[in-house]
Structure formats: structure tokens, C-alpha cells
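Here are my comments on the structure you sent, set out as numbered points. Please read them with the model open beside you.

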Amino acid sequence: FGGVNKPYVDLNQTNQGKSFSLVGYYNLTPYVPLGVELQTGELSGGSIVTDPSKRQFDNQYKAIFIHGDYSLGEVIDYEQSVLGTIIKDFSIGTGFGVIQNHMKFIQRYNLVTYQYPLLTYRYPGKDDSFSAALPIRLGYEFKIYDSMGTPFIGINVQYIHTITFNEELDGYT
């Protein structure tokens with residue numbers, strides 16, 4: 001599965017990146033799935049041309065998340081309602097995970113000279129690190145039913161906002 005992402009980091013300029021994931025689900029009920037997700041992608045931002053500090057990063061990350069979702073179908077009576085049948089597949093969820101950050105490129109030394117001579121100051125941070133993460137998920141599942149009226153495939157459209165607990169996504173601390 002694929003998606004787009006955008007990092008919210010300390011640099012003013014960030015770029016839209018791509019992410020790919022593989023998810024396995026276990027359904028506690030038809031409307032409460034638990035998932036394990038493996039994800040990889042790229043996060044980038046800054047610019048050695050336009051950023052005031054001339055900082056830039058390209059993070060090629062890998063992540064694993066464990067999450068649960070809760071759909072409205074768990075709590076509403078949708079049997080006799082057209083509106084209920086439509087909204088029963090809206091969900092909200094959360095979980096936890098770990099992101100492994102790897103800087104494919106980072107401008108580690110200063111390119112501006114107002115404080116330090118050129119290339120003498122090293123911006124603090126790590127090229128490789130781990131970040132604990134909390135995903136917050138909002139979504140809708142389009143279910144495809146078999147001839148018996150049982151859903152056998154689901155297509156999920158989701159917005160996921162992942163909060164990390166350190167400043168390692170951009171490689172600068």
C-alpha cells in the first residue's frame with residue numbers, strides 16, 4: 001500500500017514524500033481490528049539554497065507500528081438505516097511504534113558565515129537513530145462483499161498523523 005507524507009520538523013521548508021506499508025490485521029470484532037504495520041519511506045526538508053541556515057536533510061526511514069481501530073459499526077444500529085449503513089465504516093484509532101531513521105543526505109556543517117567560519121560548525125544530531133512514535137488514525141473502509149453477503153476485502157482510506165517523542169526525524173537536535 002502506498003501513501004504520501006510530510007514531516008513537521010524544525011526546518012521551515014519540508015517536502016512531500018512517499019511511504020509504502022504492509023499491514024496484517026486480526027479482527028477482534030467486525031469493527032475492531034488490531035494491526036501490525038511495516039512501513040518504509042522518505043522524509044525530506046530544508047534547502048542548502050533557500051533555508052536561512054542552509055540546512056537540508058533526506059531521511060530514508062523504516063518503521064513498525066501496532067495499532068487498533070474502532071469503527072462506528074461497533075456502537076450504532078445500522079440495520080434499518082441508510083445513513084447508519086454509510087457511516088458504520090468510519091473509524092478512529094491509535095497505537096505505538098518505532099521509527100528507524102537513516103539520513104541518506106544531511107548538510108551537517110555550516111554553509112553560512114555570520115557566526116562561524118565556513119564549514120567549522122557541526123550541527124548537532126545523528127545520522128542514524130530510533131524514534132518512539134504514536135500514530136493517530138482516522139479512516140473509512142470500503143468493504144467488498146462475497147456472494148453470501150460477507151465482507152472479504154476491505155479498502156482503507158486513512159489520514160494518519162504520527163507523533164514522535166524526539167527530534168531525530170530531520171537528523172538535527
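1. How many residues lie between S7 and S8 in the hairpin that they form, and which glycine in the turn has a positive phi? The model is a predicted one, and in it 5 residues separate S7 from S8, while the glycine in question is glycine 149, whose phi is about 85 degrees. The two strands of this hairpin pair in the antiparallel sense over 13 bridges, with S8 covering residues 151-164. As a reference point within the pairing, glutamate 141 has asparagine 156 in S8 as its bridge partner.

2. On the overall make-up, the chain holds 1 helix and 8 strands, and their order along the sequence is β-β-β-β-β-α-β-β-β, with the helix placed after five strands and before three. The helix is H1, residues 82-87, and threonine 85 is found in it.

3. On overall dimensions, the C-alpha trace spans about 75 × 25 × 25 Å along its principal axes. The radius of gyration is 21 Å, whereas a compact globule of 173 residues would have a value near 16 Å. A pair of residues that you may wish to locate in this context is threonine 85 and glutamine 13, which are 72 residues apart along the chain and whose C-alpha atoms are separated by 42 Å.

4. On burial and surface, 38% of the 173 residues count as buried, and the chain exposes about 10700 Å², of which carbon and sulfur atoms supply 61%. As for charge, there are 12 positive and 17 negative charges in the chain, and the mean positions of these two sets are 10 Å apart. Among contacts between residues at least 6 apart in sequence, 60% join residues at least 24 apart.

5. Turning to the N-terminal strands, S1 (residues 2-5) runs antiparallel to S3 (residues 17-29), and 4 bridges join them; within this pairing, glycine 2 has phenylalanine 20 in S3 as its bridge partner. S3 also pairs with S4 in the antiparallel sense, over 10 bridges, and a hairpin of 2 residues connects S3 to S4. Valine 23 stands opposite glutamate 37 of S4.

6. Is glutamine 39 buried or exposed? This residue, found in strand S4, has a relative accessible area of 18% and is therefore buried, since the cut-off for that class is under 20%. Setting aside neighbours within four places in sequence, glutamine 39 is in contact with Ser19, Phe20 and Ser21, and also with Tyr61, Lys62, Ala63 and Phe65. The C-alpha atom of glutamine 39 is separated by 18 Å from that of aspartate 69, which is 30 residues away along the chain.

7. Two residues other than glycine deserve a look for their backbone angles. Lysine 54 has a positive phi, near 60 degrees, and lies in the loop between strand S4 (32-46) and strand S5 (56-71). Leucine 119 likewise has a positive phi, of about 65 degrees, although it is not a glycine, and this leucine lies in the loop between S6 and S7.

8. Why do lysine 54, leucine 119 and threonine 85 count as partly exposed? The class lies between the buried limit of under 20% and the exposed limit of over 50%. Lysine 54 is partly exposed because its relative accessible area is 22%, leucine 119 because its value is 48%, and threonine 85 because its relative accessibility is 38%.

9. Towards the C-terminal strands, S6 (residues 90-106) and S7 (residues 128-145) pair in the antiparallel sense over 11 bridges, and glutamine 100 has phenylalanine 130 in S7 as its bridge partner. S7 thus takes part in pairings with S6 and with S8.

10. Finally, glycine 154 lies in strand S8 and is partly exposed, with a relative accessible area of 34%. Apart from neighbours within four places in sequence, glycine 154 is in contact with Glu141, Phe142 and Lys143. Glycine 154 and phenylalanine 20 are 134 residues apart in sequence, and their C-alpha atoms are 18 Å apart in space.

Conventions
Residues are numbered from 1 along each chain as its sequence is written. This is a predicted model: local features need pLDDT of at least 70, side-chain atom pairs count only at pLDDT 80 or more; totals for chains, interfaces and linings use all residues. Side-chain values use heavy atoms; hydrogens and water are left out. The radius of gyration is taken over C-alpha atoms; the globule rule is 2.2 Å times the number of residues to the power 0.38. Buried means under 20% relative accessible area, exposed over 50%, partly exposed in between (1.4 Å probe, protein chains only). Contact means heavy atoms within 4.5 Å. Accessible areas come from the Shrake-Rupley method with a 1.4 Å probe; for residues, only the protein chains shown count as cover. Lys and Arg count as positive and Asp and Glu as negative; His and the chain ends are not counted. The place of a charge is taken as NZ of Lys, CZ of Arg, CG of Asp or CD of Glu. Two strands pair if DSSP finds at least two bridges between them.
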